[in-house]
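Hi,

Here is the structure I said I would pass on. Have a look at it first, and then read my notes underneath.

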Amino acid sequence: MIAIAKDCVVSIRYIMKNDREEVLENTMMKQPVSYLHGASGILTLLQTQLEGLKMGDKKTVRLKAASGLTGEDFIFDVIIDQVRAAKKEELMLGYPVQAEVQACEEDCDCYQLKHGCP
């Protein structure tokens, strides 16, 4: 299994909350967000926190305003749906050309919304 590193295409789902635990965005039951690790697809600070994780891993990441990279504190509950080597075309473009992971259904085992965050 491939671990997240530079030049990998990573597909994630997440719940983004502010420091008061209010949900700002929830992609857990939607199409995963795919990005090229090491490119500018998502916050660099978030990418750094995901390095080394593999498909199926879950992690809570806290991004602090004190880092200077965000205007306020954020909490991300993340699940890694897929990690794969980037294609030559994706490396040249700087982003994934095709998401290969399908949207999660209500009965999906990868995340149980009613049981809380991973």
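Below is what I found on salt bridges and on how exposed the residues in them are.

One thing to keep in mind as you read: this is a predicted model. Searching the whole structure turned up seven salt bridges, and I'll walk you through some of them. As general background, side chains with opposite charges can pair when their charged atoms come close.

Let's start with Lys6 and Asp7. Their side chains meet in a salt bridge, with N to O at 3.4 Å. Lys6 is exposed, with a relative accessible area of 59%, while Asp7 comes out as partly exposed at 33%.

Next up are Asp19 and Arg20. The closest N and O atoms of this salt bridge are 3.3 Å apart. Arg20 is exposed, since its relative accessible area of 55% is over the 50% cut-off. Asp19 is partly exposed, at 44%.

Then there is Lys17, which has a salt bridge to Glu21 at 3.4 Å, N to O. Is Lys17 buried or exposed? Its relative accessible area is 9%, and anything under 20% counts as buried, so Lys17 is buried. Its partner Glu21 is partly exposed, with a relative accessible area of 44%.

That pair also belongs to something wider: Lys17, Glu21 and Asp77 are linked in a network of salt bridges. If you open the model, try finding Lys17, Glu21 and Asp77 together to see that network.

Cheers

Definitions and conventions:
Residues numbered from 1 in each chain as written. Predicted model: local features only at pLDDT ≥ 70, side-chain atom pairs only at ≥ 80, totals over all residues. Heavy atoms only, no water. Salt bridge = Lys/Arg side-chain N within 4 Å of Asp/Glu carboxyl O. Buried < 20%, exposed > 50% of the residue type's maximum accessible area, 1.4 Å probe, protein only.
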